[in-house]
Structure formats: C-alpha cells, structure tokens
Amino acid sequence: MTTTVPDAQAPEAVFDAALAADERIEPRDWMPDAYRATLVRQIAQHAHSEIIGMQPEANWITRAPSLRRKAILMAKVQDEAGHGLYLYSAAETLGTGREELLDKLHSGRQRYSSIFNYPTLTWADVGAIGWLVDGAAITNQVPLCRCSYGPYARAMIRICKEESFHQRQGYELLLALSRGTEAQHAMAQDAVNRWWWPSLMMFGPPDDASAHSAQSMAWKIKRHSNDELRQRFVDICVPQAESLGLTLPDPDLRWNEQRGHHDFGAIDWDEFHEVLRGNGPCNEQRIERRRRAHEEGAWVREAAAAYAAKHDGHHGTHDKHAEHTEHDNHGKPEEAAA
C-alpha cells in the first residue's frame, strides 16, 4: 500500500527523501530557502577565496628564482582563477548572479577565507602556502565532492585534482629549500612558523562556536565537522613535516596513543576574529586591489557583452530571413527547404 503525501508537503518530503538516500539535489529541484541561502553563502565565500587567493602568490611571479618555478607558479595562479569561475557558475545555478556576489565582496557584505589576509614575505611563503594552505583546502574540500548539491559537488572534483598538484608543488619547493643552504632552511622554517596557525584557522571556529556547521552537516552540504577536519589535517602534516626536516611551531604537539591522534595547542581565536573583522595584516590591501582589478576590467566585460549581443543579433537576422522565406513560399516549410 502506498502512502499518499499531501501536495503541500510533497516538495519538502521529496527533498528530505533525496537527502536520506544520499541523492543529489539539482538546480531545478525544490529546496528550502534556508538550504539555498546556505549554499550561496558557502559557495560565494569559496569563490571569493579563490580569486583573492591569487594575490599573495602573484606577488612572487616576477621574482621567482628560476624559469621553471615561474612557470609552475603562473600555472597555479591561473588554476585559482579557474576555480573561482567554476564556483561562481555553481552559485549562479542557485539564482544568484555573479555581479551581485562580486558587489557583496567589494562592499564587505560577503567574506573570503581569513588565510589570504597574511603577507607573503619571502619566496618560501609560496611553498608554505602550497603545502599548508592548499593542504588544508584539500582536507576540507575532498568531502565536498560528495556534497548534496550537484553543481557544487561536480565543480569540486576538478578543483580538488588541481589543488592536489598545488599541494605537491608547495611540498617540493619547501623540500628543496630545507635541503639547501643554512639560510634557505631557515627561510623555509620561518615560513612554516608563520603559516601553521592561520592554516589551522582555515577550518573555521570550533564546533561548539560554529553557527552553520551542524545544519550544513544535516543537509549533507558538509560531511565532517570543523574540528574533525582540523584534526585530520594535523595528523597528515606531522609526518610530512618530519620528512621535510622542518618543525611545526607547537610545543604541545604530540601523539596521543589513547585517542589515536595528535594533540595540539590552543588556537588564538581572538586573532581569527580580528582578521575576519577586517583587522588583519593585509585586509585593506587585498580588497582594494580586487576592487581596482574589477574596475579596470570593466571594458573587457563590456566588450564581451557587446560581442554577445552582436552575435545574438546575427541569429535574429537569420531567423527573420527564414520566416520571410516561409511566407514567400505560402507557409510551406517543405517547399522552402526544397
């Protein structure tokens, strides 16, 4: 016997059943307004982070120590631009235009990851970003390939493959420096010292202080909590740091046999919130450069829109010509075709 679901409840029941069956929600499917809003917020923040994240590393393209390193870094920065485009496109499937999202970024109404408000002081910072920042991104983003919203999950598959390349590039760069001169080793260690704690902050506030994590997990947008992902990242990094010959800057870091995980020290959440409020080392610089780039690129967007309009106009002319041909043949399309 089949139980009939009242029409008023049917869309929500279908949505809940899809989540329970681990099926994907697609753009034309019914979804709760709060689910849609959560996705827009998360995807927009992710997209903004990719675009803003181009700046710290682009800072070193002209100063890369070799042509090989320059080519690798240019490819990585290009990848990040592509990731931003994939994610803005995913957000557009939820009915939110790219211009609206960028306007919110430029006006401070939407955020990007706090990690990108720290400066890249030396060449070793490029390696630390690749190993730690992109490593944290992979830890956080691989589960998003199983996100309940289809377009976001599919975008993440390619993004994670490219982020894996970025992480290996950073690791290899740090390895070369660590095994180089005494000064190069010290530069690599200094970069790791400065980027370690901000990388742990990338996973967001502790679970008991996170406003969105529990609901996002219930909707299967996220698959793991902030603290779970942070712990996984620490456990991955400890043996990698040993292989690099570098030390993680945490005197409380040690293996806990009983938990089967590494214990680590307290994170300075006051610093995290200060950076989010716009008081980080590079907040103003990052957003000002983003605004300026957007303004200076207006002519490109206008030219592309004009080309698209002209292209559509040609199609319209062709269609009108076809209509006239049909009328000339007394409305007989078979004769017109002949």
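1. In this predicted model, R69 counts as buried, with a relative accessibility of 12%. R69 is placed in helix α4, and, once residues up to four places away in sequence are left out, R69 touches A64, W123, E172, L173 and A176. One of these partners, L173, is 104 residues away from R69 along the chain, yet the C-alpha atoms of R69 and L173 are separated by 8.8 Å.

2. A second residue of helix α4 that deserves attention is K76, and a reader may ask whether K76 is buried or exposed. K76 has a relative accessible area of 0%, and because buried means under 20% relative accessible area, K76 is buried. The side chain of K76 makes a polar contact with the side chain of D134, at 2.6 Å. Apart from neighbours within four places in sequence, the residues in contact with K76 are E57, I129, G130, D134, H166 and Q169, so that D134 appears both in this list and as the partner in the polar contact.

3. Helix α4, which spans residues 67–92, also packs against helix α5, which spans residues 98–106, and the axes of these two helices come within 9 Å and cross at roughly 115 degrees. Angles from 65 to 115 degrees count as roughly perpendicular, and α4 and α5 are therefore roughly perpendicular to each other. On the side of α4 the contact is made by L85, Y88, S89, A91 and E92, while α5 contributes R98, L101, L102 and L105. Sorted by class, the contact of α4 with α5 has six nonpolar residues, one polar residue and two charged residues.

4. Another pair of helices can be read alongside that one, namely α7, residues 150–178, and α10, whose axes come within 9 Å and cross at roughly 35 degrees. Which residues of α7 meet α10? From α7 they are Q167, Y171, L174, L175 and S178, and in α10 they meet Q240, S243 and L244. By class, the contact of α7 with α10 has four nonpolar residues, four polar residues and no charged residues, whereas the contact of α4 with α5 has two charged residues.

5. Turning to helix α9, S216 is found there and counts as buried, with a relative accessibility of 2%. If residues up to four places away in sequence are not counted, S216 touches T38, R41, Q42, I221 and K222. A separate pairing involves A34, a residue of helix α2 that is partly exposed, with a relative accessible area of 43%. A34 and Q215 are 181 residues apart in sequence, but from C-alpha to C-alpha they are 9.9 Å apart in space.

6. Two residues call for a check of their backbone angles, and the background to that check is that most residues other than glycine have a negative phi. D22, which is not a glycine, has a positive phi near 60 degrees; D22 is placed in the loop between α1 (10–20) and α2 (33–52) and is partly exposed, with a relative accessible area of 42%. K220, also not a glycine, has a positive phi of about 65 degrees; K220 is placed in the loop between α9 (213–218) and α10 (226–244) and counts as partly exposed at 23% relative accessibility.

7. The loop between α8 (182–201) and α9 holds D208, and here one may ask whether D208 counts as buried or exposed. At a relative accessibility of 76%, D208 counts as exposed. D208 and D227 are 19 residues apart in sequence, and their C-alpha atoms are 9.5 Å apart in space.

8. For the chain as a whole, the secondary structure comprises 14 helices and two strands. The protein chain has 338 residues, of which buried residues make up 46%, and the chain exposes about 18,000 Å², with carbon and sulfur atoms supplying 54% of that area. Among the contacts with a separation of 6 or more, 76% are accounted for by residues 24 or more positions apart.

Key: Residues are numbered from 1 along each chain as its sequence is written. This is a predicted model: local features need pLDDT of at least 70, side-chain atom pairs count only at pLDDT 80 or more; totals for chains, interfaces and linings use all residues. Side-chain values use heavy atoms; hydrogens and water are left out. Axes are lines fitted to C-alpha atoms, for helices over the stretch in contact, and angles run from 0 to 180 degrees between N-to-C directions. Helices (H or I, at least four residues) and strands (E, at least two) are DSSP runs, numbered from the N terminus. Angles under 35 degrees count as roughly parallel, over 145 as roughly antiparallel, 65 to 115 as roughly perpendicular and the rest as oblique. Contact means heavy atoms within 4.5 Å. Ala, Val, Leu, Ile, Met, Phe, Trp, Tyr, Cys and Pro count as nonpolar, Asp, Glu, Lys and Arg as charged, and the others, Gly among them, as polar. Buried means under 20% relative accessible area, exposed over 50%, partly exposed in between (1.4 Å probe, protein chains only). Accessible areas come from the Shrake-Rupley method with a 1.4 Å probe; for residues, only the protein chains shown count as cover. A polar contact is a pair of N or O atoms within 3.5 Å; within protein, one must be able to donate a hydrogen and the other to accept it, and residues adjacent in sequence count only if both atoms are side-chain atoms.
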